[in-house]
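User: I would like to go through this model one step at a time. Please give the reasoning before each answer.

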Amino acid sequence: QYALVRDVVAAQRRHRMHEQQFLQPPLLVLSNLGQPHMHVKLTATVLQNMFPSINVHQVPAVSPRCPHDVPTMSSRCPRTQVNLNSVKRCLLVNYDADSQLLDLRHYSIKVVPVGVSRGLKKLLQEKFPNMGRLEDISELL
């Protein structure tokens with residue numbers, strides 16, 4: 001079973017889809033793919049090699065595109081690193097051992113400021129709050 005993009009967008013109340021999301025590879029989360037069966041290990045290896053690896057202890061300041069990468073069937077470069085601040089999507093792959101099926105879920109990640117006032121949060125998200133009732137910008141903060 002599958003669903004088309006237009007069906008998913010039509011079913012959502014507020015869909016967030018823009019071109020910048022697809023410029024970077026998604027964060028890959030594998031679930032239940034650590035089983036001893038050879039076909040499960042092969043599937044996990046194939047999925048891991050489809051996307052660049054992420055080292056959470058070292059956040060690079062370079063672009064995730066490899067400058068020495070040549071166009072081939074696989075656009076993955078072994079030296080590619082992902083900046084965690086640029087991750088906009090998450091791909092969850094879950095293996096069900098009983099039915100031997102893979103469940104794929106594709107999420108959009110949105111970063112929102114936490115622990116700040118509502119007015120400051122709107123400013124940080126580049127939304128302009130109504131300041132007509134305020135006398136000074138300090139009242140917004």
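Analyst: Two strands count as paired if DSSP finds at least two bridges between them. The model is predicted.

User: Which residue is the bridge partner of N94 in strand 3?

Analyst: Strand 2 covers residues 89-96, and strand 3 covers 101-108. These strands pair in the antiparallel sense over eight bridges. In strand 3, the partner of N94 is D103.

User: In what order do the three strands form the open sheet?

Analyst: Strand 1 and strand 2 pair in the parallel sense over five bridges, while strand 2 and strand 3 are antiparallel. The pairing is therefore mixed, and strand 1 and strand 3 stand at the edges, each with a single partner strand. The order is 1-2-3.

User: Which residue of strand 2 stands opposite V29, and what is its bridge partner in strand 3?

Analyst: V29 stands opposite L92 in strand 2. The bridge partner of L92 in strand 3 is R105.

User: What angle does the direction of helix 2 make with that of strand 1?

Analyst: Helix 2, residues 38-50, packs on the sheet. Helix 2 touches strand 1, strand 2 and strand 3. Its direction makes an angle with that of strand 1 of about 170 degrees.

User: Is M17 buried, partly exposed or exposed?

Analyst: M17 lies in the loop between helix 1 (5-11) and strand 1 (27-31). With V5 and F22, M17 makes a nonpolar surface patch of about 310 Å². Buried means under 20% relative accessible area and exposed means over 50%. At 46% relative accessibility, M17 is therefore partly exposed.

Definitions and conventions:
Residues are numbered from 1 along each chain as its sequence is written. This is a predicted model: local features need pLDDT of at least 70, side-chain atom pairs count only at pLDDT 80 or more; totals for chains, interfaces and linings use all residues. Side-chain values use heavy atoms; hydrogens and water are left out. Patches are made of residues with over 30% relative accessible area and no salt bridge: like charges are joined within 9 Å, nonpolar side chains (Val, Leu, Ile, Met, Phe, Trp, Tyr) within 5 Å. Accessible areas come from the Shrake-Rupley method with a 1.4 Å probe; for residues, only the protein chains shown count as cover. A salt bridge is a side-chain nitrogen of Lys or Arg within 4 Å of a carboxyl oxygen of Asp or Glu. Helices (H or I, at least four residues) and strands (E, at least two) are DSSP runs, numbered from the N terminus. Buried means under 20% relative accessible area, exposed over 50%, partly exposed in between (1.4 Å probe, protein chains only). Contact means heavy atoms within 4.5 Å. Axes are lines fitted to C-alpha atoms, for helices over the stretch in contact, and angles run from 0 to 180 degrees between N-to-C directions.
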